[in-house]
Amino acid sequence: MELSIKDKTRKLLDQQTHSGKHKRRKIKDLLARYGIAAGGLSVIAAVVLICFYLLWVVLPIFKPADLELNKEFQWQQQQVEYLGVEEYGEIAFSLNANGDMQFLDIESDQVVLEQNLDSDSAMTAYGLMDLKGLLIVAFEDGTFKLVSQKYQITYPNDKRKITPSVEYPFGEDAFELADSEIKAINGKRWEDGLLVTALTVDNQLVTKLYTVEESLFDDGFTLEEDTDSSLQLNFNPKYILATEGPGWLYLIAENGLSEVYKWRSSDWQLSERKSLANDNTRVSQAVFLLGQTSLLIGDSKGTITQWFPVREQKNDFILTKIRDFQLSEKPITEIIPEARRKGFLAADDEGKVGVFYTTSERHLETVNFAKPLSAMAINSRSNKLVVLAKDGTTDLFDVENEHPEISWSALWNEVWYESYEEPSVTWQSSASTNDFESKFSLVPLSFGTFKAAFYAMLFAVPLAIFGAIFTAYFMSPKMRGMVKPTVEIMEALPTVILGFLAGLWLAPMVEENLMGIILIILMLPLLTVIFGYTWHNLPVKYKSRIPDGWQAALLIPVIILGTLFAFWLGEPIEAAMFDGNMPAWLNSVGINYDQRNSLVVGIAMGFAVIPTIFSITEDAVFSVPKHLTNGSLALGASPWQTMVRVVLPTASPGIFSALMIGLGRAVGETMIVLMATGNTPIMDMNIFEGMRTLSANIAVEMPESEVGSSHYRVLFLAAFVLFLFTFAFNTIAEIVRQRLRTKYGSL
């Protein structure tokens, strides 16, 4: 029968409507497909860009030094003994063997000031007393003078102008020191004291200790002699090095024989004799590194060795060789320590100059002048180097050496730091003194990161995994509908709140009830097993009163009463076995106890990780197809057998993913470990001590680091290391998950 016009119209409209819905659905599918693809690619691109940005910030710390020739000119003064350059590298200063001082404007090659020491006796020795340009100059008649370089900076017409001058802060008159000619002199100045130590030509050690008093009438100072002593030596030292205080004195002969003295009872007491060179080498240079703790000894074979005193078991200090640096095969003629860090420059007798850094053990750069050098100097900013050849040719170099203290060895290997008894891995980025030796080892931070994650997972994994399995498989749907949202809502708790509670409430509570906390950890699993066994053996008429799937509710009073019982029992046990104070007892037996420790972090961070692991694991177990469990039960397997042999293998990819995501959350956690630990970068698995993690260290130190400094870039390196850790965990997790899915996907 033919359709009416009305029916045909309706059919046509239905077809058009269906066609329109199909087109809209197709458009939505395309939008969803490409939108999801674009979103995924955007995430990948963002991660890659983050990685490259971190690398861009980090890579400069591994660059070698760069010395670029700025200018070459002729030095006008002859027989230069000492060469110096002011902070900006614009004015150079020289002192020659005749006692003439000269200041040269490097840019214009013009001498801006000349002056003489004005002494009736010839200059025989000199020494640099401090980093501000104070020189001590000795004369043939046994006297000495103290002379200082001063630089006044003005800005006429907004252009920097430096005006040099020579000052005598303690007066122009010479001070009496010895009765014979002085061949070597050393001086040290500190806030209220001054030490002068000298060697005479007849091998006599002369020492004078002065008190520095500020003048009431001008800006000068006066010296008040406190101690005057002398000592006849039985060997012929060439170099004399003394520390301020006074503290230590080192006398070093050309053949390497040295004597070390300690200042005691207003006199030098011999502490040690040893050789600083091999039988077939001789000492050609000996200077202090910045801080006066380390000695730099250059020898006739082009090697520079670092020595400093190390405390032995008997509380004696032994001068110990720490490391060496090789410049060439020729004798070292000059060693110039940097003024603000533990680096130095060295030159040999053929004109080869090397740039070194002690802590990182880096040989940063070498420049070969191919001619003997007379002197060289680097400014206090370590960016301008002046090299003077014996023929008067002078070169000014622009030095780019921003991060010499960083190397892979210093970051990941043990380093023997000054005043340490042995090599160690240490993080200590700052201190109160300018001669501080930066310690940038990432090992204790990485160790602390894994330690915090380990104890957090140790607390969270059993509770989260077993709880999720029981909730998904054994619990009634109604009870599951209450338990799962309650656990998942824990994830919404800000970690800063958890860290705040852990640091201010949990940590003191654990310290006061440590024995009770340990009893809780031991007793609650035991009480749970005892209760389960008892419940299993109860008559059916009692068990039938509890609806199936609600048995877990019976554990609530068991856990509460067990916790209260553990706290109650902990007090008499602690009083009987640990003198009423278990933390103090642990400290007395050599187990350090810190109030904010790994136990507190494990509990607090465990609560933060539990919801993540629980939720993913519960979903994985609950999503196991029912036909698998029903088939297993139909074949005669018990619910426990079905869970162990069918449900868990099928859900294992999801469970493993939950563990790895939880581990990633624990590794990257910041606020809890920041507030619940002492942030001490130590390497000890002791659960009663704290740690410092990579993320917490970044949060603590990034605000105070100077942008572009080595400290700043090492913090970015720590972030990159943390990035690599999480990337490695996620990659391993995905590989294992895919294998588990392939293995059990056919079930």
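**Exercise 1. Work out how the length of helix H6 (residues 514–537) in this predicted model compares with the expected span.**

Solution. Start by counting: H6 has 24 residues. Next, take the distance from the first C-alpha to the last, which is 35 Å. Now for the expected value: the rise is 1.5 Å a residue, and you multiply it by one less than the number of residues. That gives an expected 34 Å, and H6 comes out close to it.

**Exercise 2. Find where H6 kinks, then say which of its residues are buried and what covers them.**

Solution. Walk along the helix until you get to methionine 523, where there's a kink of about 30°. Look a little further on and you'll meet proline 525, since the kink lies shortly before that proline. Methionine 523 is also on the list of buried residues in H6, along with Leu514, Met515, Gly516, Ile517, Leu519, Ile520, Leu524 and Trp535. Here's a handy bit of background for reading such a list: an α-helix has 3.6 residues a turn, so residues three or four places apart point the same way. Finally, check the cover: it includes helices H5 (495–512), H7 (540–543), H8 (555–577), H9 (582–588) and H10 (598–622).

**Exercise 3. Classify the ring pair of phenylalanine 93 and phenylalanine 103, and say which strands it ties together.**

Solution. The model has 33 aromatic pairs, and this is one of them. The ring centres are 4.8 Å apart, and the cut-off for a pair is 6.5 Å. The planes meet at 45°, so the pair is tilted. Phenylalanine 93 belongs to strand S3 (residues 91–96) and phenylalanine 103 to strand S4 (residues 100–105), so the pair links parts that are 10 residues apart in sequence. Buried means under 20% relative accessible area. Phenylalanine 93, at 1%, is buried, and so is phenylalanine 103, at 0%.

**Exercise 4. Do the same for phenylalanine 344 and phenylalanine 356.**

Solution. Here the centres are 5.1 Å apart with 15° between the planes, and the pair is stacked. Phenylalanine 344 sits in strand S24 (residues 343–348) and phenylalanine 356 in strand S25 (residues 352–357), so this pair joins parts 12 residues apart in sequence. Both residues are buried.

**Exercise 5. Which residues have a charged end sitting over the ring of tyrosine 88 and over the ring of phenylalanine 622?**

Solution. For tyrosine 88, it's arginine 160, with its charged end 4.0 Å from the ring centre. For phenylalanine 622, it's arginine 480, at 3.7 Å from the ring centre.

Technical notes:
Residues are numbered from 1 along each chain as its sequence is written. This is a predicted model: local features need pLDDT of at least 70, side-chain atom pairs count only at pLDDT 80 or more; totals for chains, interfaces and linings use all residues. Side-chain values use heavy atoms; hydrogens and water are left out. Rings of Phe, Tyr and Trp (its six-membered ring) pair if their centres lie within 6.5 Å; planes under 30 degrees apart count as stacked, over 60 as edge-to-face and the rest as tilted. Helices (H or I, at least four residues) and strands (E, at least two) are DSSP runs, numbered from the N terminus. Buried means under 20% relative accessible area, exposed over 50%, partly exposed in between (1.4 Å probe, protein chains only). A charge sits over a ring if NZ of Lys or CZ of Arg is within 6 Å of the ring centre and within 35 degrees of the ring normal. The bend at a residue is the angle between axes fitted to the seven residues ending there and the seven starting there. Contact means heavy atoms within 4.5 Å.
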